Structures are given as C-alpha cells and as structure tokens.
Amino acid sequence: MKFQYTLGQYYFTTDLLIFKTDGKNPDNAFVDSRQLHLDFIKARDWYLKSANQGFVPAQDALAILYNTEGPLRDIRAAYFWMRLTLKNTQGGIFGGTMSNDLAIKNLSLFMTAGERESADRQAMKWAPVSRQ
C-alpha cells in the first residue's frame, strides 16, 4: 500500500529533494532539487491502488488531487475522498493548511444537497478491497 502511495507522490510532486553528503561529514550535507514531470493520470492510478486498500494518506492525496486545477479536477470525487479520510481518521488531518472539516465545507459549496448525500452514503458504506 505505502509503495503504491509513494509512486503516486512521485507523479504528483513537482520537486524531488535528494539529500546528499560527502560520506565523511554529515554537516556537509546538501540538497539536490530536480524537477519531475507531473502525470496526474499515473498519480491517480497509484493513489487509487493504495487508497482502495485502506491506506488513509492515499485517500487524502486523492482528495487533494481531485481538488487541484488540472485534467482530473472533480469536486464530487474530492468531497468523497475527503469524507472517507474523515471517516477513517475520526477527523484527523493529513498535511495541508486546512482542517478536513473546513475542506469538506468548502467543497460542499460547489455541490447540490443530493450530491453531498450520495457521497456521504458512499463513504459510509465504503470498505477496503484486498491487496492488488
């Protein structure tokens, strides 16, 4: 699960920070930053493999991915994955600057009551699948 999540992070992160050292003195460590190519489709696919097995950080990452401007922007999917993150963490926060409750509230502004109710029901019935 975590490996699949890490691959998703690889495709959804713009900078790769590599910490290097000369091998003699750890105080001489430096950071090598390299640009990566974003691939939203591959990121989503790897996050889904991990999230569907119940890995909560991947569920949270999907909420962020679907709420990001780009080819996969889908407010209803972002709401569903954020709701599922809340369900599986009892309201915990995984990264970001906004609490999950506030994110849910903001996402819900762009949805009808029926869409919210449907996503809420789907999240409450959701169960992880076996390893893929």
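At what angle do the axes of helix 2 and helix 3 cross? Keep that in mind while you get your bearings; we'll come back to it shortly.

**Whole chain**

You're looking at a predicted model. Color by secondary structure and you should find 6 helices and 2 strands. Walking from the N terminus, the order is α-β-β-α-α-α-α-α. Switch on a surface if you like: the accessible area is about 8200 Å², and carbon and sulfur atoms account for 55% of it. Of the 132 residues, 34% count as buried. Take the contacts between residues at least 6 apart in sequence, and 59% of them link residues at least 24 apart.

**Helix 2 against helix 3**

Now select 40-51 (helix 2) and 56-66 (helix 3). Here's the answer to the opening question: their axes cross at roughly 150° and come within 8 Å. The cut-off for roughly antiparallel is over 145 degrees, so helix 2 and helix 3 are roughly antiparallel to each other. Their crossing is left-handed. To see what makes the contact, show side chains for Phe 40, Arg 44, Tyr 47, Leu 48, Ser 50 and Ala 51 on helix 2, then Ala 58, Gln 59, Ala 61, Leu 62, Leu 65 and Tyr 66 on helix 3.

**Helix 1 against helix 2**

Leave helix 2 up and add helix 1, residues 2-12. These two axes come within 7 Å and cross at roughly 160°, and therefore helix 1 and helix 2 are roughly antiparallel as well. Helix 1 passes helix 2 in a left-handed crossing. On the helix 1 side, pick out Gln 4, Tyr 5, Leu 7, Gly 8, Gln 9, Tyr 11 and Phe 12. Their partners on helix 2 are Phe 40, Lys 42, Ala 43, Trp 46, Tyr 47, Lys 49 and Ser 50.

**The core**

Next, go for the largest nonpolar core, which has 31 residues. Show Tyr 47, Leu 62, Leu 65, Tyr 66, Phe 80 and Trp 81 as spheres, since these touch the most other members. Elements giving two or more residues to this core include helix 4 (75-89), helix 5 (100-108) and helix 6 (113-125). Helix 4 supplies the largest share, 9 residues.

**Last stop: Trp 81**

Which residues does Trp 81 touch, leaving aside those up to four places away in sequence? Center on Trp 81 and you'll find Leu 48, Ala 51, Asn 52, Gln 59, Leu 62, Ala 63 and Tyr 66. Some of these you've already met: Leu 48, Ala 51, Gln 59, Leu 62 and Tyr 66 also take part in the contact between helix 2 and helix 3.

Methods: Residues numbered from 1 in each chain as written. Predicted model: local features only at pLDDT ≥ 70, side-chain atom pairs only at ≥ 80, totals over all residues. Heavy atoms only, no water. Helix = DSSP H or I, 4+ residues; strand = E, 2+ residues; numbered from the N terminus. Buried < 20%, exposed > 50% of the residue type's maximum accessible area, 1.4 Å probe, protein only. Contact = heavy atoms within 4.5 Å. Areas by Shrake-Rupley, 256 points an atom, 1.4 Å probe, with all protein chains shown as cover. Core = buried A, V, L, I, M, F, W, Y, C linked by side-chain atoms within 4.5 Å. Axes fitted to C-alpha atoms, helices over the stretch in contact; angles between N-to-C directions. Parallel < 35°, antiparallel > 145°, perpendicular 65-115°, else oblique. Left-handed = near helix turned anticlockwise from the far one by under 90°.
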